[in-house]
Amino acid sequence: MNKRIICITIVFILLLISIPTTYKVIKNHHNNLYKAVNEKIIESAKRCYYDEVCTDSTVTLEFLYENKYLNSKMNDPVTKEYYNESSYVKKDNNNYEFVVVS
């Protein structure tokens, strides 16, 4: 009986450690994927502004595709769904933000 209680306690402790750790690793991985995709889109928009092709305060993914600033359609790295072409990069002074439109 004591061996059984010890085994159950050890398994319980391992689960208490491994489940939150696994969750945190997966969450960090997803955040890094989103960061990489956002940076790629924002860098393309910055090149567009630098080349003076983009003049508005926002530039859509559709515009970036048409003008060859993005070679392939961008998708959500977790769900694998393509971003709506109406999604845009918003420029405010020297700050850029990618806004996803559903």
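Visitor: Which range of relative accessible area does partly exposed stand for?
Guide: Buried means under 20% relative accessible area and exposed means over 50%. What falls in between counts as partly exposed. The model discussed here is a predicted one.

Visitor: Is Thr 22 buried, partly exposed or exposed?
Guide: Thr 22 sits in helix H1, which covers residues 2-50. Its relative accessibility is 43%. Because that value lies between the limits of 20% and 50%, Thr 22 counts as partly exposed.

Visitor: Which residue has its backbone oxygen 2.7 Å from a polar atom of the Thr 22 side chain?
Guide: A polar contact needs a pair of N or O atoms within 3.5 Å. The side chain of Thr 22 has a polar atom 2.7 Å from a backbone oxygen. That oxygen belongs to Ser 18.

Visitor: How far apart are the C-alpha atoms of Thr 22 and Asn 94?
Guide: Along the chain, Thr 22 and Asn 94 are 72 residues apart. In space, their C-alpha atoms are separated by 37 Å.

Visitor: Is Ser 44 buried or exposed?
Guide: Ser 44, like Thr 22, is part of helix H1. The relative accessibility of Ser 44 is 3%. Since buried means under 20%, Ser 44 counts as buried.

Visitor: Which residues are in contact with Ser 44, leaving aside its neighbours within four places in sequence?
Guide: One partner can be picked out by a polar atom of the Ser 44 side chain, which lies 3.2 Å from the backbone oxygen of Tyr 69. With the sequence neighbours within four places left aside, the residues in contact with Ser 44 are Leu 64, Tyr 69 and Leu 70.

Visitor: What pattern does the protein follow along the sequence?
Guide: The protein has two helices and three strands. Read along the sequence, their pattern is α-β-α-β-β.

Visitor: Why is the protein said to be more spread out than a compact globule?
Guide: For 102 residues, the globule rule gives 13 Å. The C-alpha atoms fill a box of roughly 75 × 25 × 20 Å along the principal axes. The protein is more spread out than a compact globule because its radius of gyration, well over the rule's value, is 22 Å.

Visitor: What percentage of the 102 residues is buried?
Guide: The accessible surface of the protein comes to about 7900 Å², and carbon and sulfur atoms account for 55% of it. Of the 102 residues, the buried ones make up 22%.

Definitions and conventions: Residues are numbered from 1 along each chain as its sequence is written. This is a predicted model: local features need pLDDT of at least 70, side-chain atom pairs count only at pLDDT 80 or more; totals for chains, interfaces and linings use all residues. Side-chain values use heavy atoms; hydrogens and water are left out. Helices (H or I, at least four residues) and strands (E, at least two) are DSSP runs, numbered from the N terminus. Buried means under 20% relative accessible area, exposed over 50%, partly exposed in between (1.4 Å probe, protein chains only). A polar contact is a pair of N or O atoms within 3.5 Å; within protein, one must be able to donate a hydrogen and the other to accept it, and residues adjacent in sequence count only if both atoms are side-chain atoms. The radius of gyration is taken over C-alpha atoms; the globule rule is 2.2 Å times the number of residues to the power 0.38. Accessible areas come from the Shrake-Rupley method with a 1.4 Å probe; for residues, only the protein chains shown count as cover. Contact means heavy atoms within 4.5 Å.
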